Amino acid sequence: VENMYDVTENAYVTEAGGIIYTKIYTDGSCREGSIKDLARAGWGVFVAPGSPHNYAAPLDGPVQTSYRAELKAISHVLRYVINPTMIMCDCQGIVNTLTKLLEDKVEPEHIKERDLWDQIFHLTDDLTTKQLCIQWMPSHLEEEKNMQKRDLFLKKGIITQDDIEGNVSADKLAFEGADAHENITESIAD
């Protein structure tokens with residue numbers, strides 16, 4: 001398939017159950033999220049420092065939320081990656097839902113953002129946990145106010161310094177995606 005790519009060069013990797021997974025970091029963000037008419041969301045996928053596969057994009061559609069943007073980032077990963085992949089995501093609800101789907105192969109009945117989840121369900125239909133897994137990681141651990149939490153997660157081995165850097169990079173890409181929307185306030189003024 002032309003659009004698929006091998007992302008192992010410079011990527012962070014981890015071993016679990018005898019399988020080497022490439023770690024890919026996703027994030028969604030939303031500017032002006034509390035004002036529905038001004039909200040503009042974006043998503044980012046971080047593969048590795050300097051990777052041509054790092055990606056940022058504005059969220060399409062009328063509903064602009066960071067949750068939808070995060071789902072779009074995960075969908076992007078599922079469309080293009082061929083390696084055994086561990087998605088690193090800072091949205092616990094998405095991690096729980098996708099983990100259950102991969103392990104039990106049962107789609108949840110009542111779920112927010114069904115349109116995007118249906119895409120993810122379709123893309124994961126034939127995948128096993130040997131090909132794809134997802135792990136939650138806390139966000140914003142680079143911030144001074146979260147240093148104690150960061151040190152605890154690092155000490156327990158839940159995350160690595162590379163994970164923090166990967167999450168920060170995905171977050172920056174998500175904001176780039178959100179900022180790629182046309183500036184609504186400038187459009188109104190014109």
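## Helix packing, cores and a few notable residues

In helix 2, Ile-94, Thr-97, Leu-98, Leu-101 and Leu-102 meet Trp-117, Ile-120, Phe-121 and Thr-124 of helix 3. Sorted by class, this contact has 7 nonpolar residues, 2 polar ones and no charged ones. Please keep in mind that the model is a predicted one.

Two packed helices are described by the angle between their axes and the distance between the axes. Here the axes of helix 2 and helix 3 come within 11 Å and cross at roughly 35 degrees. The crossing of helix 2 and helix 3 is right-handed.

### The loop that joins the two helices

Let us turn to the loop and its backbone. Most residues other than glycine have a negative phi. Lys-105, although not a glycine, has a positive phi of about 60 degrees, and Glu-113, again not a glycine, has a positive phi of about 60 degrees. Lys-105 is found in the loop between helix 2 (92-104) and helix 3 (114-124), and Glu-113 has its place in the loop between helix 2 and helix 3. Are these side chains buried or exposed? Lys-105 counts as partly exposed because its relative accessibility, 42%, falls between the 20% and 50% cut-offs. Glu-113 is partly exposed as well, with a relative accessible area of 21%, so it sits on the partly exposed side of the 20% limit for burial.

### The nonpolar cores

In soluble globular proteins, nonpolar side chains tend to be buried together. In this model, the largest nonpolar core has 32 residues, and those with the most contacts inside it are Ile-74, Ile-87, Cys-89, Ile-94, Leu-98, Trp-117 and Ile-134. Two or more residues each come from strand 3 (40-46), helix 1 (66-80), strand 5 (85-89), helix 2, helix 3 and strand 6 (132-136). Helix 1 gives the largest share, 7 residues.

Which residues does Ile-94 touch, leaving aside its neighbours within four places in sequence? Ile-94 is in contact with Tyr-67, Glu-70, Leu-71, Ile-74, Cys-89, Trp-117 and Ile-134. Apart from the largest core lies another core of 16 residues, among them Tyr-25, Phe-46, Val-168 and Ala-170.

### Two buried polar residues

Thr-85 lies in strand 5, while Asn-167 is found in helix 5 (residues 161-179). Thr-85 has a relative accessible area of 3%, so it counts as buried. Asn-167 is likewise buried, because its relative accessible area is 3%, under the 20% cut-off.

Polar atoms lie close to the side chains of both residues, as the table shows.

| Side chain | Partner | Distance |
|---|---|---|
| Asn-167 | side chain of Asp-90 | 3.3 Å |
| Thr-85 | backbone oxygen of Asn-83 | 2.7 Å |

Beyond four places in sequence, Asn-167 is in contact with Tyr-25, Asp-90, Met-137, Pro-138, Ser-139 and His-140. Asp-90 is thus one of these contacts and also the polar partner of the Asn-167 side chain.

For Thr-85, contacts that leave aside the neighbours within four places in sequence are Tyr-21, Thr-22, Ile-24, Val-77, Gln-131, Leu-132 and Cys-133. How far is the C-alpha atom of Thr-85 from that of Ile-134? The separation is 8.2 Å, with the two residues 49 apart along the chain. Ile-134 is one of the residues with the most contacts inside the largest core, and Ile-134 is also a contact of Ile-94.

Terms used
Residues are numbered from 1 along each chain as its sequence is written. This is a predicted model: local features need pLDDT of at least 70, side-chain atom pairs count only at pLDDT 80 or more; totals for chains, interfaces and linings use all residues. Side-chain values use heavy atoms; hydrogens and water are left out. Helices (H or I, at least four residues) and strands (E, at least two) are DSSP runs, numbered from the N terminus. Buried means under 20% relative accessible area, exposed over 50%, partly exposed in between (1.4 Å probe, protein chains only). A polar contact is a pair of N or O atoms within 3.5 Å; within protein, one must be able to donate a hydrogen and the other to accept it, and residues adjacent in sequence count only if both atoms are side-chain atoms. Contact means heavy atoms within 4.5 Å. Axes are lines fitted to C-alpha atoms, for helices over the stretch in contact, and angles run from 0 to 180 degrees between N-to-C directions. A crossing is left-handed if the near helix is turned anticlockwise from the far one by less than a right angle, and right-handed if clockwise. Ala, Val, Leu, Ile, Met, Phe, Trp, Tyr, Cys and Pro count as nonpolar, Asp, Glu, Lys and Arg as charged, and the others, Gly among them, as polar. A nonpolar core is a set of buried Ala, Val, Leu, Ile, Met, Phe, Trp, Tyr and Cys residues joined through side-chain atoms within 4.5 Å.
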